[in-house]
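Work through the exercises below with the sequence and the model open. Each task is followed by a solution in steps.

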Amino acid sequence: MYPRQLFRSILTNNLHFYQCYQSTTTKLWKPLTTTRYLHLVPSNFAKIYMDRENLHAHQVLEESLKPYQIFATDVRLHPDSKSIELQEIVKCLPENASTSEVFAQFQRVCEYCHNTNSLISNNAFTAFVQQFCDRIHLLSDEELRGSLKALTLLPQEENVRVQNFVELWNILDIECCRRIEKWSTDELLLVCDAWYSLNLARICEYVWEALRKLGRKVIKMQPSQLVQTMFFCNIMRRTVFDMFDFEVNLAKCAKDMTLGELGVMSMGFFKTQTPIRNPELINYIYERLMQELDTVDEITFVAILKALRYSSKLPQVDIMMKLLDKISAEKFDDMNLLTSLHVALLGCELQCCHEEIVEKILNKFHNEMSNTRLKDLERISLAVALFNIKTPNKIEDLLCQKILESLKGRIDEIMKHPKCFTNCLHYLTLRGFYDKEMLSVALDRRFLKHAVGSSLAISREIFNLDTFVKVNLANDNYEGNQLADKYRKTMGKMLTHYIPDNNPKYKLNATDRILLQMKEITAGFLPHCQLKHILPNYERADVVICYDRVKRKSLPLSPTCPEDYNGIILTREQLLGDKLHEDIETVAFIIAGWNNVIRGKNRHTGLFDMKLKQLELLGHKSVVIYWHEWRELETRQDRINFVKRRLSSVINL
């Protein structure tokens, strides 16, 4: 474990090295000829890493009894391929050689490379590769697919841009693209699977162009075609013509799919950031998952949980809690750490906390901290902070402290995933856990440039971290880095929501309408109240009241009070100016929307709880009005009496 006093210097040195490394690895794009250009992306290796999710999803297709278009990569080698000499195999054929002869020679070249572990990038193959590339457009469809199959025999190259290999796959890609319009749905999917087997699906143009055509046919596809098309959407992480058609077709044939196939569909919805909007379909997926909970594999389980988390709305709260009950009782002991994490995250979008299973998951993370990644720590910290959970054995506090200590030994991970680090620090501060050295590193200008680059202005976590330093650590001898005023001003303009207005040109949400109603009613007996952002890192404005307890009346804000949207934290001095006196109270009248409270629990989310604590630290009093309380008031007089009654709890109204 790194000593605290060395943490900052170590991270700074690593950052300098990382920046130097980046500057020396600029990727170049080179043309193949004067008229043909390569379509490449930086840092792609010949065998692109395929994660376990994609491998598992493809295995689901391979093992299914449905007619999926799986590209067979097994090649029957010629018996004499091992004894052929290099000079014989690489020689160019006569100009009058037929295309079939050139194709057959190409197959033998690939077999030779496979048997002798020779790289196709060897200069000895260049002349023949050029001859073959010139004939590719003459190949039949079967020979074209055979060429892709032959490529799978080649030993792994250093990267996809080495000579000969890049020419081969690029020209084959171009030729596949030319034939898209004449190929059927099954043929398109088969060739897509060929590019996937080459680990080039995300690099080549063909798969994306084929998906664009397939996207126009989704509504009429058979179940197997639908699942396989969604599999390639997942690979590309891009949406096609109309993702809604996937949902419509899935609703019709979901009962004919296995849970594994539903997992592939769920994975595609999540990776393309497409929520399922059909409530009946969402409920059906919940029911299927509960029915087969004892047999579902981990990867399918996680894929479905991700899609449900992304798609569930308030009507799904009850069935979500029913699923969590069943998981806690029947499956938890068999789940690995990553699966447990996604179970904990399931209710985050709707602030639904199943306390029994969350407590079990926190204990599991505390006991298996050495098996976690930085990304996992970020996500479990999010769950702890959002749910603001308080368990009898205080496991949440023990876990937060252990995460904080663990971060000190994760320098390499922090350099690779700096935003995970800043997010994790933010979530920990919401529970009152922090390290001054780490906060100083996170707010260092050079580290911020590395972590968020030019998007600093839209990093709300950084905005919150800096506010924590300025408010919570104001009297704690903090001497580390803080954001410059110019950055906070930019953040104030970008991240602080506009103060709502009754102008009919602007559409208001339900909480903003309540805020305006409350301000109007309060102004009836405290005329100087205003809507202001005391803490600009929180989106919504509050009704701010300056009240003289002796004269028992409201006072206007100071003329020198900073203008809105400039990122400045409003202290009592800034609100009152030369009228600052201990007899004058500054009160923030706050609306708590449904997303500020844990559903079904009598507690706030961690972020809203921090807002109330920070207002108190600044010397302001706060009064919280819950959205459901306001909606239950039937008449205007009821609302006036309600506001007066709540204000009387903090001022002698």
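**Exercise 1.** How much space lies in the second largest cavity? Then list the lining and sort it by class.

Solution. The model is a predicted one.
- Step 1. The structure holds five cavities of 30 Å³ or more.
- Step 2. The second largest cavity has about 60 Å³ of space.
- Step 3. T496, K532, H533, P536, E563, D564, Y565, N566, G567, I568 and L570 line the second largest cavity.
- Step 4. Sorted by class, this lining has four nonpolar, four polar and three charged residues.

**Exercise 2.** Determine whether strand β4 is enclosed or open, and find the strands joined to β4.

Solution.
- Step 1. Strand β4 covers residues 584-592, and nine of the nine are buried, so the strand is largely enclosed by the rest of the structure.
- Step 2. In a regular strand, side chains alternate between the two faces of the sheet.
- Step 3. On one side of β4 are I584, T586, A588, I590 and A592, and on the other E585, V587, F589 and I591; all are buried, and both faces are covered.
- Step 4. Strand β2 (residues 542-548) runs antiparallel to β4 and is joined to β4 by six bridges. The bridge partner of Y547 in β4 is E585.
- Step 5. Strand β5 (residues 621-626) runs parallel to β4, again with six bridges. Here V624 in β5 stands opposite I590.
- Step 6. Helix α28 (residues 606-617) completes a right-handed β-α-β unit with β4 and β5.

**Exercise 3.** Check the span of helix α21 against the expected value, then describe its burial.

Solution.
- Step 1. Helix α21 (residues 418-430) has 13 residues, which at 1.5 Å a residue should span 18 Å.
- Step 2. The end C-alpha atoms of α21 are 19 Å apart, which agrees with the expected span.
- Step 3. Twelve of the 13 residues of α21 are buried, so the helix is largely enclosed by the rest of the structure.
- Step 4. The buried residues of α21 include P418, C420, F421 and L430.
- Step 5. Just after α21, G432 takes a positive phi of about 90 degrees.

**Exercise 4.** Is L308 buried or exposed? Find also how far L308 is from S266 in sequence and in space.

Solution.
- Step 1. L308 lies in helix α14 (residues 298-311).
- Step 2. The relative accessibility of L308 is 2%. Buried means under 20%, so L308 counts as buried.
- Step 3. L308 and S266 are 42 residues apart in sequence, and their C-alpha atoms are 8.1 Å apart in space.

Note on methods: Residues are numbered from 1 along each chain as its sequence is written. This is a predicted model: local features need pLDDT of at least 70, side-chain atom pairs count only at pLDDT 80 or more; totals for chains, interfaces and linings use all residues. Side-chain values use heavy atoms; hydrogens and water are left out. Buried means under 20% relative accessible area, exposed over 50%, partly exposed in between (1.4 Å probe, protein chains only). Helices (H or I, at least four residues) and strands (E, at least two) are DSSP runs, numbered from the N terminus. Two strands pair if DSSP finds at least two bridges between them. A crossover is right-handed if, with the strands pointing away from the viewer, the path from the first strand over the helix to the second runs clockwise. On a 1 Å grid over the protein atoms alone, a cavity is a set of points where a 1.4 Å probe fits but cannot get out, and a pocket is an open set with protein on both sides within 12 Å along at least five of seven lines; lining residues have an atom within 4 Å of a point. Grid points are joined across faces, edges and corners, and a volume is the space filled by probe spheres set on the points. Ala, Val, Leu, Ile, Met, Phe, Trp, Tyr, Cys and Pro count as nonpolar, Asp, Glu, Lys and Arg as charged, and the others, Gly among them, as polar. The expected span of a helix is 1.5 Å times one less than its number of residues.
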